Amino acid sequence: KVDLNRIDETVTRVREEHGGLEEEERHLREMYDGLDRNLSEMQVDGREEDRMQKRVENVEKLKALCPGVHGRMYELCKPRHEKYKLALTKTLISYIDAIVVDSDETAATCVKHLKDQQLDVEMFLPLNTLRVTPIDRKLRHLHNAK
């Protein structure tokens with residue numbers, strides 16, 4: 001009878017230890033999964049940062065190649081006050097990354113260069129082809145309009 005009690009105690013102890021190991025394994029797997037997700041996100045962020053850096057370099061190369069390249073829309077359009085930043089961004093969202101150039105000839109030269117160098121496709125806004133409706137002079141003098 002003594003041996004049966006000892007065996008039961010040993011079995012109970014082993015089960016408790018085994019249960020603790022299962023819990024520790026589950027915890028370690030969760031930590032591993034979290035670290036794996038973080039690593040994946042960091043790799044994506046790194047690739048996005050590299051892509052953005054290449055786009056900046058592309059514009060600098062185009063500026064050196066063609067004097068008619070002015071820059072990206074978001075570099076050129078800065079609101080006078082921070083409170084207008086959201087409105088400006090929402091208005092220009094389709095063109096915010098576009099490269100502003102002086103003419104469609106300059107845009108064509110830039111497109112050819114990007115294609116020859118096998119660089120990313122870009123959107124260009126040639127100033128000579130843009131149609132702008134002037135603001136009514138009466139509206140220019142409105143203050144605090146809502």
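## A salt bridge within one helix

At 53% relative accessibility, R29 counts as exposed, because the limit for that class is anything over 50%. This value, like the others in this report, was computed from a predicted model. The partner of R29 is E25, and the two side chains meet in a salt bridge in which nitrogen and oxygen are 2.9 Å apart. E25 has a relative accessible area of 39% and is therefore partly exposed, since this class takes in the values between 20% and 50%.

Where along the chain do R29 and E25 lie? Both belong to helix α1, which covers residues 2-65, and they are four residues apart, about one turn of the helix. This pair is one example of a salt bridge in the model, for which the count comes to seven.

## The chain as a whole

Reading from the N terminus, the elements of the protein chain follow the order α-β-α-α-β-α-β-α, which gives five helices and three strands. The radius of gyration is 31 Å, well over the 15 Å that the globule rule gives for 146 residues, so the chain is more spread out than a compact globule. Along the principal axes, the C-alpha atoms fill a box of roughly 105 × 50 × 20 Å.

Of the 146 residues, 18% count as buried. The accessible surface of the chain comes to about 12,700 Å², and carbon and sulfur atoms account for 54% of that area. If one takes the contacts between residues at least 6 apart in sequence, 66% of them join residues at least 24 apart. As for charge, the chain carries 26 positive and 29 negative side chains, and the centres of these two sets lie 11 Å apart.

## A network around R55

How are R55, R72, D97 and E122 connected? It helps to take the pairs in turn, beginning with D97 and R55, whose side chains meet in a salt bridge with a distance of 3.6 Å from N to O. This pair links distant parts of the chain, for D97 lies in the loop between α3 (85-92) and β2 (99-101), whereas R55 lies in helix α1, 42 residues apart from it. The two partners also fall into separate classes of accessibility: D97, with a relative accessible area of 33%, is partly exposed, while R55, at 13%, is buried, because buried means under 20%.

R55 also forms a salt bridge with E122, and here the closest N and O atoms are 3.0 Å apart. Again distant parts of the chain are linked, with R55 in helix α1 and E122 in the loop between α4 (104-116) and β3 (124-126), 67 residues apart. In this second pair both R55 and E122 are buried. Through salt bridges that share partners, R55, R72, D97 and E122 are joined into one network.

## Buried residues and their contacts

N58 is another residue of helix α1, and with a relative accessibility of 5% it counts as buried. When its neighbours within four places in sequence are left aside, N58 is in contact with L119, D120 and E122. E122 is thus a contact of N58 and also a salt-bridge partner of R55.

T106 lies in helix α4 and, at 11% relative accessibility, is buried. Which residues does T106 touch, not counting those up to four places away in sequence? They are C66, G68, V69 and V101. Although T106 and C66 are 40 residues apart along the chain, their C-alpha atoms are separated by 6.8 Å.

## A distant pair and a positive phi

T10, found in helix α1, is partly exposed, with a relative accessible area of 33%. The C-alpha atoms of T10 and L125 are separated by 79 Å, and these residues are 115 apart along the chain.

Q118 deserves a remark about its backbone, for it has a positive phi of about 55 degrees although it is not a glycine. This residue lies in the loop between α4 and β3, the loop that also holds E122. Is Q118 buried or exposed? Its relative accessible area is 73%, so Q118 is exposed, whereas E122 is buried.

Conventions: Residues are numbered from 1 along each chain as its sequence is written. This is a predicted model: local features need pLDDT of at least 70, side-chain atom pairs count only at pLDDT 80 or more; totals for chains, interfaces and linings use all residues. Side-chain values use heavy atoms; hydrogens and water are left out. Helices (H or I, at least four residues) and strands (E, at least two) are DSSP runs, numbered from the N terminus. The radius of gyration is taken over C-alpha atoms; the globule rule is 2.2 Å times the number of residues to the power 0.38. Buried means under 20% relative accessible area, exposed over 50%, partly exposed in between (1.4 Å probe, protein chains only). Contact means heavy atoms within 4.5 Å. Accessible areas come from the Shrake-Rupley method with a 1.4 Å probe; for residues, only the protein chains shown count as cover. Lys and Arg count as positive and Asp and Glu as negative; His and the chain ends are not counted. The place of a charge is taken as NZ of Lys, CZ of Arg, CG of Asp or CD of Glu. A salt bridge is a side-chain nitrogen of Lys or Arg within 4 Å of a carboxyl oxygen of Asp or Glu.
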